[in-house]
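Please walk through this model with a focus on its main pocket and on how two of its helices pack.

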Amino acid sequence: APVILPGHLDSERRWQSYLGIAPSVLMAFGLVALGIAAFRRRSAALLFVVASFAFLAIAYAGFLITYPKEDGDNMKALYVLDAALPLAVCGGWAVERLRRFVRNPLVLACLALVVLDLVYVDARFLIL
């Protein structure tokens, strides 16, 4: 049976899960936008970032099919670590696109505060 966390730690973990949706959406948007930009510009460098993530996803799917596990633990962490760099680039691409779209400095300052708050909540959980 899994260890049950104390109430205050469990609620922090839930908040971290909810707040993790925003960076995930930004990275997914960035991945799509970067892929579109790579094809429009015919840029091999941009296409390489998208392709590295696509090849990693294909490798993970192949691993799941080749070595199925009954307990569901399929070494996801190793693939997530490899995906961190291309996803970070895609997240940065999305933030840059968002910055170009939103020209109001006050809105940009609010977005920066939200990102700092997300980092604070994440760092607080990691220090535990």
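Which element gives the largest share of the lining of the largest pocket? It is α4, with 11 residues. Keep in mind that this is a predicted model.

Start with the pocket itself. The space in the largest pocket comes to about 920 Å³. Its lining counts 35 residues, and those closest to the centre are Ala22, Pro23, Ser24, Leu26 and Met27. Five elements each give two or more residues to this lining: α1 (7-19), α2 (21-41), α3 (44-66), α4 (76-101) and α5 (105-127). What classes of residue make up the lining? Here 28 are nonpolar, 4 are polar and 3 are charged.

Now turn to the helix pair. The axes of α2 and α3 lie 8 Å apart, and the two helices pack at an angle of about 135°. Angles over 145 degrees would count as roughly antiparallel, and 65 to 115 as roughly perpendicular. The angle fits neither range, so α2 is oblique to α3. Their crossing is left-handed.

Which residues make the contact? From α2 come Leu31, Leu34, Gly35, Ala37, Ala38, Phe39 and Arg41. From α3 come Leu46, Leu47, Val49, Val50 and Phe53. By class, this contact of α2 with α3 has 10 nonpolar residues, 1 polar and 1 charged. Gly counts as polar and Arg as charged, so Gly35 and Arg41 are those two.

Conventions: Residues numbered from 1 in each chain as written. Predicted model: local features only at pLDDT ≥ 70, side-chain atom pairs only at ≥ 80, totals over all residues. Heavy atoms only, no water. 1 Å grid on protein atoms, 1.4 Å probe; cavity = no way out; pocket = protein on both sides within 12 Å on 5 of 7 lines; lining within 4 Å. Points joined across faces, edges and corners; volume = space filled by probe spheres on them. Helix = DSSP H or I, 4+ residues; strand = E, 2+ residues; numbered from the N terminus. Axes fitted to C-alpha atoms, helices over the stretch in contact; angles between N-to-C directions. Parallel < 35°, antiparallel > 145°, perpendicular 65-115°, else oblique. Left-handed = near helix turned anticlockwise from the far one by under 90°. Contact = heavy atoms within 4.5 Å.
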